[in-house]
Amino acid sequence: MNESLYLSEAVLHLASFFPDNPFQPPIKYAWNYMDSHFSRFQIACIGSVILHEIFFVLLNAPFFLSQFMPSLQKYKVQKNKPETYALQMKALRYILFSQLFVQVPFVCGTYLFTEFFAIPFSWETMPSWYTSLGFIYMCMIIEDTWHYFLHRLMHSKPLYKYCHKVHHTFQAPFSIAAEYAHPIETFVLGLGMLWGYLLFGYHLILLWGWAVVRMIESYDVHSGYDFPFNPMHLIPFYGGTRFHDFHHKNFVGNYSSTFTWWDKLFGTDIQYKEYIAKIEDAEKNKDD
């Protein structure tokens, strides 16, 4: 009992060294307004859908605009395969249909979880920002593990032919292609995002924060652009655009969604390493 008390005091003491969130006042006002004017069902379902759509536009817009900026084309991974209007419109139509008839019911299902476990929505019960970051990183690890093994399974012949092949429509992907998938794949791989929250989630903000981070990561690795100033590269063991872009180009290997350790452990990144080695040798010979 005393050990638990000492540990709690130590955590509180450590927390005192972290700075306060400078954006807290306006966010607090907006959050309390939402919490007092809308029902839990409206917040968990409609709020989650609106959050997704807002960030779908905001996060994909920079990648979409990049194709019209000549100065940024040097960062495109597959330079010989530019995005086309026809392909992007094809993807967008399919994705909007999927969001409405597949993702919306899936997202609304989280309301049942919040009610069953009485997950709080209030500002007073909201975890600190650094606790939330730790939670999100744990969710990234769990989702990446789920994604690696289920994604690898989807490359077996029957599952690939009737399900996963849809996602591989674009051999040179662009950001919104992250959501271009068969409904079964959307559901099965989407479960990986929920396991961390089901195990450790204790507030709605954790679900929303994790959802936004997962969107950032997913759009980034499908963007087709490997920007050196990308802050996602600061995450330890982050695979990034080149790592996942190779999977779309090669169809096998690099099955992880976020990190590189599972592919390294099981040797499913061998072809990628050989590919990178050839590029480096070619650049070296060019310089010589």
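**Warm-up.** Is Glu115 buried, partly exposed or exposed?

Let's work it out. This is a predicted model, and in it Glu115 has a relative accessible area of 34%. Buried means under 20% and exposed means over 50%, with partly exposed in between. So Glu115 counts as partly exposed.

**Exercise 1.** Find the salt-bridge partner of Glu115 and say where each residue sits.

*Step 1.* Look for the partner: Arg40 forms a salt bridge with Glu115. Their closest N and O atoms are 2.5 Å apart, and the cut-off is within 4 Å, so the pair qualifies.

*Step 2.* Place the two residues. Arg40 belongs to helix α3 (residues 40–66), while Glu115 belongs to helix α4 (residues 85–116). They are 75 residues apart, so this pair links distant parts of the chain.

*Step 3.* Check how covered Arg40 is. Its relative accessibility is 29%, so Arg40 counts as partly exposed.

**Exercise 2.** Work out how Glu217 and Arg214 are arranged in helix α8, and whether each is buried or exposed.

*Step 1.* Start with the contact: Glu217 and Arg214 form a salt bridge, with 2.0 Å between the closest N and O atoms.

*Step 2.* Now the helix. Both residues lie in α8 (residues 204–222), and because they are three residues apart, about one helical turn separates them.

*Step 3.* Apply the 20% cut-off for buried. Glu217 has 2% relative accessibility, so Glu217 is buried. Arg214 has a relative accessible area of 14%, so Arg214 is buried too.

*Step 4.* Look for further partners. Glu143 joins in here: Glu143, Arg214 and Glu217 are linked in a network of salt bridges.

**Exercise 3.** Take the salt bridge between Lys273 and Asp269 and sort each residue as buried or partly exposed.

*Step 1.* Check the distance: the closest N and O atoms are 3.5 Å apart.

*Step 2.* Sort the residues. Lys273, at 46% relative accessibility, is partly exposed, whereas Asp269, at 3%, is buried.

*Step 3.* Put this pair in context: a search of the whole structure turns up six salt bridges, and Lys273 with Asp269 forms one of them.

**Exercise 4.** How many residues of helix α9 are buried, and what follows the helix?

*Step 1.* Go through α9 (residues 240–250): eight of its 11 residues are buried, and the helix is mostly covered.

*Step 2.* Name some of them. Among the buried residues are Phe243, Phe246, His247 and His248.

*Step 3.* Move past the end of α9. There you meet Phe251, which has a positive phi, near 75°.

Note on methods. Residues are numbered from 1 along each chain as its sequence is written. This is a predicted model: local features need pLDDT of at least 70, side-chain atom pairs count only at pLDDT 80 or more; totals for chains, interfaces and linings use all residues. Side-chain values use heavy atoms; hydrogens and water are left out. A salt bridge is a side-chain nitrogen of Lys or Arg within 4 Å of a carboxyl oxygen of Asp or Glu. Helices (H or I, at least four residues) and strands (E, at least two) are DSSP runs, numbered from the N terminus. Buried means under 20% relative accessible area, exposed over 50%, partly exposed in between (1.4 Å probe, protein chains only).
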